[in-house]
2 protein chains.
Amino acid sequence: MTDINLKGTGSVRPAEQPTRSGEPLWDIIELLFYAYRDFVGDADDVLKEFGFGRAHHRVIHFVHRYPGLKVADLLDVLRITKQSLGRVLKQLIDEGYIVQRAGESDKRQRLLFATPKGEALVAKLAGLQTDRITAALKGLDPAGADTVRRFLRAMIDHDDPDKVLQIVLGGARSGPRDTTR
Amino acid sequence: MTDINLKGTGSVRPAEQPTRSGEPLWDIIELLFYAYRDFVGDADDVLKEFGFGRAHHRVIHFVHRYPGLKVADLLDVLRITKQSLGRVLKQLIDEGYIVQRAGESDKRQRLLFATPKGEALVAKLAGLQTDRITAALKGLDPAGADTVRRFLRAMIDHDDPDKVLQIVLGGARSGPRDTTR
DNA sequence: AAATTATGTCAACATGACTGACATAAATTT
DNA sequence: AAATTTATGTCAGTCATGTTGACATAATTT
């Protein structure tokens, strides 16, 4: 019971570690934890006033950014089940943040669009997050923002069929719907 | 939720402009979303095999990294209630990943330590995440890793009383409790 | 006509948050 | 010494958001 090992970082090495070379990057792991916690925390406070949670934020964000998104696309992005999405999406539609429209070529599809009300909410949330990012980039050298973008891109799995992710990774720097594919 | 009230207090940069100007940095916002999703996704798969979730990961990670952590410290780090922590912590203790020991000077305190079993799990999870980070850093110029660290640090609220965060931000680059070196 | 696809919905359940109330032992203050 | 505060644990109920499985409907494709 009292096996304590106060200093233990290196002693545990299972024999069958295949391609593990470097020491754990503890500091970056923890910086990512804290940075993301505070990054989403900005939005949480505002969302609470609206009676929404993070799930609503993710939905309205991507719908706003990629107008005409299909429900199926959204499921790929968020990696949740349609039942889970359904509840949140229904609330956003009922309260007038999102509207649906049947697809023209395929009338089964429900294309999603943010209303002005929805856009205002997204803008408010994105503004907070942008302020934080801008402040963080300010302390870096001129190439810093580019380095950060490159790092984040490389952290993402590229073998994902998600259409929105392909646009994000595709290189569009500030606009959605870059049809270069 | 443990609201920390960081709205009015000084931002990361003293005497600089009060932000609120630039266009939303959509791409970085979305890159952060995807990067963090995949970053924690690595661990999720392993955790599932152990019958654990992300909550367990966060607890065992910080206990391993900061041996002798008090329950109260952990609550500050994770920003959850003691009831919430209690359930997860109890499982980790019952299954032999963490042990408790009463504090010497203050016997009310339950100091937490990872067992070898707990250390092995943390090492496995940190290995996966480190592999991803290492791969992402590989494509950057030599100063890239430093830029990334600086960016992440600046993304974090600095007016947090969390003792662990103070250590993380304090500058220890690769080990916990470096004060004894 | 039959099969497939896109979406929606009902029902039950799991996890990990939450609030509020109360219990205990140890430390601190009066 | 007694009273209070602190660190922790626990019971009970609720909420948000995820899950699986089954089934329904309309539109498209075969």
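Here are legends for four close-up views of this predicted model.

**View 1. How chains A and B are related.** Turn chain A by 180°, with a shift of 0.0 Å along the axis, and it can be laid on chain B with an RMSD of 0.0 Å. That's the relation of a two-fold axis. Look for Val148(A): its C-alpha, at 3.0 Å, comes closest to the rotation axis of the residues of chain A. The copies meet through the same surface, because 84% of the interface residues of chain A are also interface residues in chain B.

**View 2. Asp160(A) and its surroundings.** You'll find Asp160(A) in the loop between helix 6 (144–155) and helix 7 (163–170) of chain A. With 10% relative accessibility, Asp160(A) falls under the 20% cut-off, so it counts as buried. Its side chain makes a polar contact with the side chain of Arg79(A), at 2.6 Å. Setting aside neighbours within four places in sequence, Asp160(A) also has Leu165(A), Gln166(A) and, from the other chain, Arg37(B) among its contacts.

**View 3. Who sits around DNA strand D.** In all, 24 residues surround DNA strand D, and the closest are Arg58(A), Thr81(A), Arg87(A), Lys82(B) and Arg108(B). Sugar and phosphate make up 49% of the strand's atoms that come within 4 Å of the protein. By type, the residues of this surface split into 11 charged, nine polar and four nonpolar.

**View 4. Backbone and base of DNA strand D.** Two phosphate oxygens to check out: one is 3.5 Å from a backbone N or O atom of Arg54(A), and one is 3.2 Å from a polar backbone atom of Lys107(A). Arg108(B) instead places a polar side-chain atom 2.5 Å from a base oxygen. Helix 2 of chain A gives the most to the surface near the strand, with four residues.

Notes: Residues are numbered from 1 along each chain as its sequence is written. Chains are lettered from A and ligands numbered from 1 in the order in which they are written. This is a predicted model: local features need pLDDT of at least 70, side-chain atom pairs count only at pLDDT 80 or more; totals for chains, interfaces and linings use all residues. Side-chain values use heavy atoms; hydrogens and water are left out. Helices (H or I, at least four residues) and strands (E, at least two) are DSSP runs, numbered from the N terminus. Buried means under 20% relative accessible area, exposed over 50%, partly exposed in between (1.4 Å probe, protein chains only). A polar contact is a pair of N or O atoms within 3.5 Å; within protein, one must be able to donate a hydrogen and the other to accept it, and residues adjacent in sequence count only if both atoms are side-chain atoms. Contact means heavy atoms within 4.5 Å. Copies are superposed by least squares on the C-alpha atoms of residues with pLDDT of at least 70 in both. A residue is near a molecule or strand if one of its heavy atoms lies within 4 Å of it. Ala, Val, Leu, Ile, Met, Phe, Trp, Tyr, Cys and Pro count as nonpolar, Asp, Glu, Lys and Arg as charged, and the others, Gly among them, as polar.
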